[in-house]
Amino acid sequence: MTTAMGRRSDGPMGGAGREERPVSPSAHPPVLESRAYSFWYGPTQALHEVTCAIPRNAITALIGPSGCGKTTFLRSINRLHDLTPGARHTGDILLDGGSIFAPGTDVVGLRRRIGMVFQRPNPFPKPVYDNVAYGPRLNGLAPARELPDRVERALRQAALWDEVSDRLREQQRLCIARALANEPEVLLMDEPCSALDPIATQRIEELLVELKQTYTIVIVTHNMQQAARVADYTGFFYVGRLVEFGATQQVFTRPVDERTEAYITGRFG
Ligand SMILES: Nc1ncnc2c1ncn2[C@@H]1O[C@H](COP(=O)(O)OP(=O)(O)OP(=O)(O)O)[C@@H](O)[C@H]1O
Ligand SMILES: [Mg+2]
């Protein structure tokens with residue numbers, strides 16, 4: 001079997017470890033635990049009994065195809081669904097052993113302990129984007145989904161593209177700094193590099209590896225090479241289910257579930 005990480009090799013999970021799913025490896029006691037957590041947007045069930053233990057001072061990557069519930073799960077950990085109309089859940093999520101849903105939980109305090117860096121809706125600093133998109137928007141020149149391309153073309157034509165890219169890199173690190181200023185225990189990141197070029201991505205990845213000395217990091221990424229490079233543990237979501245969770249080495253070289261294998265070998269995505 002050949003995987004996203006290359007040829008199969010015997011790593012620390014080799015041999016007898018093959019059937020194990022190290023949801024709570026003793027080297028990294030869990031800071032977060034999800035216990036049979038299910039979630040609904042109105043009638044639509046987005047998560048089905050997600051159970052896992054997120055190890056402390058480690059990087060955990062959540063991977064999986066679009067729409068399989070990664071963001072929904074991340075936002076649940078920060079109780080960002082509290083105000084979503086029709087949202088409900090069953091099961092539990094624990095931080096340091098205490099339910100984040102316990103009555104009387106200070107949600108502001110919870111969000112200080114669990115910081116979040118959001119996915120950028122488009123690869124531009126917002127003021128720049130809004131300025132350039134202003135005309136086409138006002139004049140109804142382009143459907144919303146074509147606006148980013150139009151903005152990029154205009155910026156390139158005005159020779160502003162490189163400067164904008166520089167600012168974007170700074171902005172993403174600024175977002176991370178803003179989350180770190182609260183000195184959280186856990187940092188949740190939803191595709192923090194999706195809009196960045198490879199050099200900026202590498203900077204962020206190096207930063208993450210430094211940060212895990214102090215923080216626990218959970219990162220959603222579509223980039224499997226990124227997961228393989230930076231994550232100690234990897235969870236694979238598929239249609240609302242956490243199909244596999246384990247040491248990154250094991251998930252990428254010896255996946256237990258055939259759906260994980262199909263995904264990491266690029267048979268769907
Ligand atoms: N506010 C919402 N209301 C109703 N359904 C939603 C809402 N947000 C997400 N969903 C649905 O829940 C499911 C999971 O979506 P989610 O955004 O968590 O997936 P994802 O894995 O993060 O996808 P992507 O990789 O595209 O970011 C999808 O079917 C999506 O359409
Ligand atoms: Mg998402």
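Two residues are taken to be in contact if their C-beta atoms, placed from the backbone, lie within 7 Å. The structure described here is a predicted model, and in it helix H5, residues 161-180, lies across strand S8 and strand S9 (186-190), running at about 170° to S8. Strands S8 and S9 both belong to an open sheet of six strands with mixed pairing, and the points below treat that sheet, the hairpin of S3 and S4, the shell around ligand 1 and the largest nonpolar core.

**The six-stranded sheet**

- The strands follow the order S8-S9-S10-S5-S11-S12, and the edges are formed by strand S8 (114-117) and strand S12 (241-247), each of which pairs on one side only.
- Neighbouring strands of this sheet are turned against each other by 15° on average, with direction ignored.
- Strand S11, residues 233-238, pairs with S12 in the antiparallel sense over six bridges, and Phe237 stands opposite Leu242 of S12.
- As general background, strands of a sheet pair through backbone hydrogen bonds, either parallel or antiparallel.

**The hairpin of S3 and S4**

- Strand S3, residues 30-41, runs antiparallel to S4, and eight bridges join the two strands.
- Two residues lie between the strands of this hairpin, where Gly42 takes a positive phi near 55°, while Tyr41 stands opposite Thr44 in S4.

**The shell around ligand 1**

- The residues around ligand 1 include Tyr41 and Thr44, the pair that stands opposite each other across S3 and S4.
- Also among the residues around ligand 1 are Gly64, Ser66, Gly67, Cys68, Gly69, Lys70, Thr71 and Thr72.
- Strand S4 (44-55) and helix H1 (70-77) are the elements that give two or more residues to this shell, and the largest share, three residues, comes from H1.
- By residue class, the shell around ligand 1 divides into three nonpolar, eight polar and one charged.

**The largest nonpolar core**

- The largest nonpolar core has 50 residues, and those with the most contacts inside it are Ile59, Val186, Leu187, Leu188, Ile217 and Val218.
- Strand S4 gives the most to this core, with six residues, and S4 is also one of the elements that give two or more residues to the shell around ligand 1.
- Leaving aside residues up to four places away in sequence, Val186 touches Val31, Leu32, Arg113, Ile114, Tyr215, Thr216 and Val218.
- In soluble globular proteins, nonpolar side chains tend to be buried together.

How values were computed
Residues are numbered from 1 along each chain as its sequence is written. Chains are lettered from A and ligands numbered from 1 in the order in which they are written. This is a predicted model: local features need pLDDT of at least 70, side-chain atom pairs count only at pLDDT 80 or more; totals for chains, interfaces and linings use all residues. Two strands pair if DSSP finds at least two bridges between them. Helices (H or I, at least four residues) and strands (E, at least two) are DSSP runs, numbered from the N terminus. Axes are lines fitted to C-alpha atoms, for helices over the stretch in contact, and angles run from 0 to 180 degrees between N-to-C directions. A residue is near a molecule or strand if its C-beta atom, placed from the backbone, lies within 6 Å of it. Ala, Val, Leu, Ile, Met, Phe, Trp, Tyr, Cys and Pro count as nonpolar, Asp, Glu, Lys and Arg as charged, and the others, Gly among them, as polar. A nonpolar core is a set of buried Ala, Val, Leu, Ile, Met, Phe, Trp, Tyr and Cys residues joined through C-beta atoms within 7 Å. A residue is buried if 20 or more other C-beta atoms lie within 10 Å of its own, exposed if 12 or fewer, and partly exposed in between; C-beta atoms are placed from the backbone.
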